[in-house]
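Welcome to this short briefing. Please take a moment with the sequence and the 3D view before reading on.

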Amino acid sequence: MITAFAPATVSNVNCGFDVLGFAMEGPGDEVQLALNDLQEVRITKILPETVKLSTDPMKNTAGVAIRSYLKAIDSSQGVDVVLTKNLPLGSGMGSSGASAAAALIGINKLMGNKLSNEELVPHAMEAERIACGSAHADNVAPSIMGGFVLVRSYHPLDIVKIPSKANLWCALVHPQIELRTEDSRKVLPEKVEIKKAISQTGNIAGLMIGLMKPDLPLLSRSLVDEIAEPHRIQFIPGYLEIKKQAKAAGATGSGISGSGPSIFALGETREVAEQAGERIQSVFKVNNVTSEVYVSPISDVGARILN
Ligand code: HSE
């Protein structure tokens, strides 16, 4: 029996639509894995029992990821999975990806670490495809690998961990609104104007340099999204005020976490992140939406074995 954990992630990080994400230290999902002699992957329990998720291993992201992994290493090993969901579904906190990441770290350990962490990512992407119809890697890669991760290319898959020197804290505010990634992707346009593409390219390059130098004013100027945010703010009550309040708290930047509706705000210290989180929560409250705030450093360690 083994227990593995994988953290929540913030993907996109404004200008990095589908190509950038970072890992929180917590919260995250946990899996307990025990090998069985049945040559079958079984999701035996999902906790808490109120969570509405399928135990069908072909529909549950932990099951899909493990099946894909076992196929890749040509194994017919069976395994029983108990999944503890701490991350809310449809939250933009990388919930579906965290279950897959924890499951992969766990099964890889049980099978003698046959694959590297980076090699686990495609199997978690298969799980994302089942969860939301798109095999994006910007949640699963940081959840598995930790830190800030860039998906330089999807075809072929080329994942780069960014050597960030910025010590940042993140407030992640989750409003009690469920937004399916699939729905949040449907509102995006097929084509992007050249002016917007130019601006987004400049910002992602600025963000990379800002992280690596580190240069926080540059990082701050670069945290702009021209592609997804304008189409997604319709799902988030009080969004413009949220951005104003995060700035007033001294946040380096803020935006929609992944496909939303959660909001992230980055700060140089825990205090700044906490202040930003509180102010964002107040805006949700004014809009009659209750929310939860999670404050954590950006963690360089992603999914891990707990015992
Ligand atoms: N990059 C993805 C999106 C993340 O924005 O749709 C989904 O969590």
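Which domains does the domain assignment of the protein chain give? There are two entries: domain 1 (2-162 + 300-305) and domain 2 (169-297). Please keep in mind that this is a predicted model. With that said, here is how the domains and the ligand fit together.

**The two domains**
- Taken over C-alpha atoms, the centres of domain 1 and domain 2 are separated by 23 Å.
- Where the domains meet, 29 residues of domain 1 are in contact with 38 residues of domain 2.

**Where the ligand sits**
- The ligand takes up the space of the largest pocket.
- Both domains help to surround the ligand, since domain 1 and domain 2 each supply at least three residues to its shell.

**Who surrounds the ligand**
- From the earlier part of the chain, the ligand's surroundings include Ser11, Asn12, Phe17, Asp18, His136, Asp138 and Asn139.
- Further along, Thr181, Arg185, Arg232, Gly258 and Ser259 are also among the residues around the ligand.
- Sorted by class, this shell holds 1 nonpolar, 7 polar and 4 charged residues.

**Polar contacts and burial**
- The side chain of Asp18 places an N or O atom 2.5 Å from a nitrogen atom of the ligand.
- Asp138 has a polar side-chain atom 2.7 Å from a ligand nitrogen atom.
- For Asn139, an N or O atom of the side chain is 2.9 Å from an oxygen atom of the ligand.
- The ligand taken alone exposes 260 Å², and the protein buries 97% of that area.

Technical notes
Residues are numbered from 1 along each chain as its sequence is written. This is a predicted model: local features need pLDDT of at least 70, side-chain atom pairs count only at pLDDT 80 or more; totals for chains, interfaces and linings use all residues. Side-chain values use heavy atoms; hydrogens and water are left out. A residue is near a molecule or strand if one of its heavy atoms lies within 4 Å of it. A polar contact is a pair of N or O atoms within 3.5 Å; within protein, one must be able to donate a hydrogen and the other to accept it, and residues adjacent in sequence count only if both atoms are side-chain atoms. Accessible areas come from the Shrake-Rupley method with a 1.4 Å probe; for residues, only the protein chains shown count as cover. On a 1 Å grid over the protein atoms alone, a cavity is a set of points where a 1.4 Å probe fits but cannot get out, and a pocket is an open set with protein on both sides within 12 Å along at least five of seven lines; lining residues have an atom within 4 Å of a point. A molecule sits in a cavity or pocket if more than half of its atoms lie within 2 Å of its grid points. Ala, Val, Leu, Ile, Met, Phe, Trp, Tyr, Cys and Pro count as nonpolar, Asp, Glu, Lys and Arg as charged, and the others, Gly among them, as polar. Domain bounds come from an automatic or database domain assignment. Contact means heavy atoms within 4.5 Å.
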